[in-house]
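Here are a few quick notes to read with the model open. I've stuck to one sheet and one pocket.

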Amino acid sequence: FILASIDENFLNGSLRNENDARAWMLLKHLDVFRALNDSVGKPLHGRIDMRRIALMGHSRGGEAVAIAGAFNRLPFYPDDATQRFAFNHDIRAIVAIAPVDGQYRPADQPTPVSDYSYLVIHGSHDGDVSSFMGLTQYNRLRYTTDSSQFKSAIWMYRANHGQWNTVWNNKDNGPISARALELRALISGEEQRQFGRVVISGFLEATLHARDEYRAIFRDHRRAGDWLPPTMYLTRYADAHSRFLATFDEDVDVTTGSAPGVRIAAESLSVWKESDTPARSRATTFRSNAVTVGWNNTPVGADTAASRAPAHYLITMPDSLRQAWRVGRRTALLFTMGTTDQRPGARPTSGDSAGDSATVKPPKPIRPDTAAPDFTVELEDRQGHRVRLPVSSFGPVRRPLETYVYRRRGRDKRQFPTLSEAVLYTYVAPLEQFAVLNAQFDASQLRHIRFVFDRSRQGVVIIDDVGVTVVPPA
């Protein structure tokens, strides 16, 4: 790789919401590289592969690289069309490190980015950008063509804002950081940068050098476990092959999915709603709807038979969609899920998930579960053959991770509406892994995807982006 570090510090505060200027600077530097590569007699003549470019930025620069991705394909500056753009560089990948989002809005719209591979990383103990705001850009990024591109978001527990480099280090709040921030909670700077080296270099190998074996790190970070520092990670993943049954963003009907003909149903839930996902920062969201479902399998009154049947959430795929998407053994189920600390009340006894739980006698208090609420993923084909595996087969299921950024006792509770941010985790579940459990199950005839809440007595989880993708041969 050829790496160029662009000094844009002189822009700090010199312009109002200057991140569009940062993006323009990055693209103008690429113009210079193109000239160096094309000019006979220059030391770099013919030595730069201008067909494989990545942009990387930290903090405000993390937003700027996404803006640069948008500007790269535009003919004019969106806020002043008298300024012509003619960049059109072959940018393949974008890396955003603890970025902000929305400091610049082109034509007062969120920055539109599509058809780039995209990696965003963020630390739980970030004392500057206190929420994982890069997820808003991650959620907006779309793929319009079938390609090898993918996007990944990784949240690192105990990482801060500045230790991604050796200059800012642990001074997220400037000179007063030692007095204001709980620095003892942080992972070491060298460990944080080791994580950055592993995932960023792996991402660049996958996207610029077509080293597909590195893609496995982003589908399941545990594949790089021997290289990563010992802490906890939450990861998101999707690719250009992903086809989504339910993203929960399209309408207000909880019984329909995002793709034509997809139907959704539920049984015996205590909580069922679709809503935006709140971020840690006050009055901020990730601008992406998800479904929140809760269950309580505690027996109530005389309705013991119904109480023993676990609650479930069902997504039905129509035959036409399954055929169009070529679902089969090389397909993987994708879904993104996060746990919460909520404790739902008793479920309805009528079998109707929309019933009023306040009309039934409340259950006797039980000792709260200390483990994360695991549940079962059940697949059913058109002939009724079923296969089941727990969610924990495909990745860790964790209780919400509380974060205390500030040193002063109680300040985090006053500063933030929640101590744990709703950063969800993407599970990639190959259908082949299910099929080996039952020879009769036909993955190419998949009809029903059922989340069965039978492994924990009660819980509330947030689910998003349920779909399918293609898994390459091992």
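1. A word on terms before the sheet: two strands count as paired if DSSP finds at least two bridges between them. Bear in mind, too, that this is a predicted model.

2. On that basis, there's an open sheet of 5 strands, and reading across gives β1-β2-β3-β4-β5, with mixed pairing. The edges are taken by β1 (53–58) and β5 (233–239); each has a single partner strand, so one side of each is left without a neighbour in the sheet. From one strand to the next, the twist averages 10°.

3. Now the β1 end. Here β1 pairs with β2 (residues 91–97) in the parallel sense, over 6 bridges. If you want a spot to look at, find H58, which stands opposite I97 in β2. Helix α2 (residues 60–71) lies across both β1 and β2, and runs at about 150° to β1.

4. Next, the second largest pocket, which holds about 740 Å³ of space. Its lining comes to 24 residues, and R219, R223, P430, V471 and P472 are the ones nearest the centre.

5. Which elements each supply at least two residues of that lining? They are α6 (215–219), β5, β14 (425–430) and α10 (431–435). The most comes from α6, with 3 residues. Note that β5 turns up again here, having already appeared as an edge strand of the sheet.

6. As for the chemistry of the second largest pocket, its lining divides into 10 nonpolar, 4 polar and 10 charged residues. Two arginines, R219 and R223, are among those nearest the centre, along with P430, V471 and P472.

Methods: Residues are numbered from 1 along each chain as its sequence is written. This is a predicted model: local features need pLDDT of at least 70, side-chain atom pairs count only at pLDDT 80 or more; totals for chains, interfaces and linings use all residues. Side-chain values use heavy atoms; hydrogens and water are left out. Helices (H or I, at least four residues) and strands (E, at least two) are DSSP runs, numbered from the N terminus. Axes are lines fitted to C-alpha atoms, for helices over the stretch in contact, and angles run from 0 to 180 degrees between N-to-C directions. Contact means heavy atoms within 4.5 Å. On a 1 Å grid over the protein atoms alone, a cavity is a set of points where a 1.4 Å probe fits but cannot get out, and a pocket is an open set with protein on both sides within 12 Å along at least five of seven lines; lining residues have an atom within 4 Å of a point. Grid points are joined across faces, edges and corners, and a volume is the space filled by probe spheres set on the points. Ala, Val, Leu, Ile, Met, Phe, Trp, Tyr, Cys and Pro count as nonpolar, Asp, Glu, Lys and Arg as charged, and the others, Gly among them, as polar.
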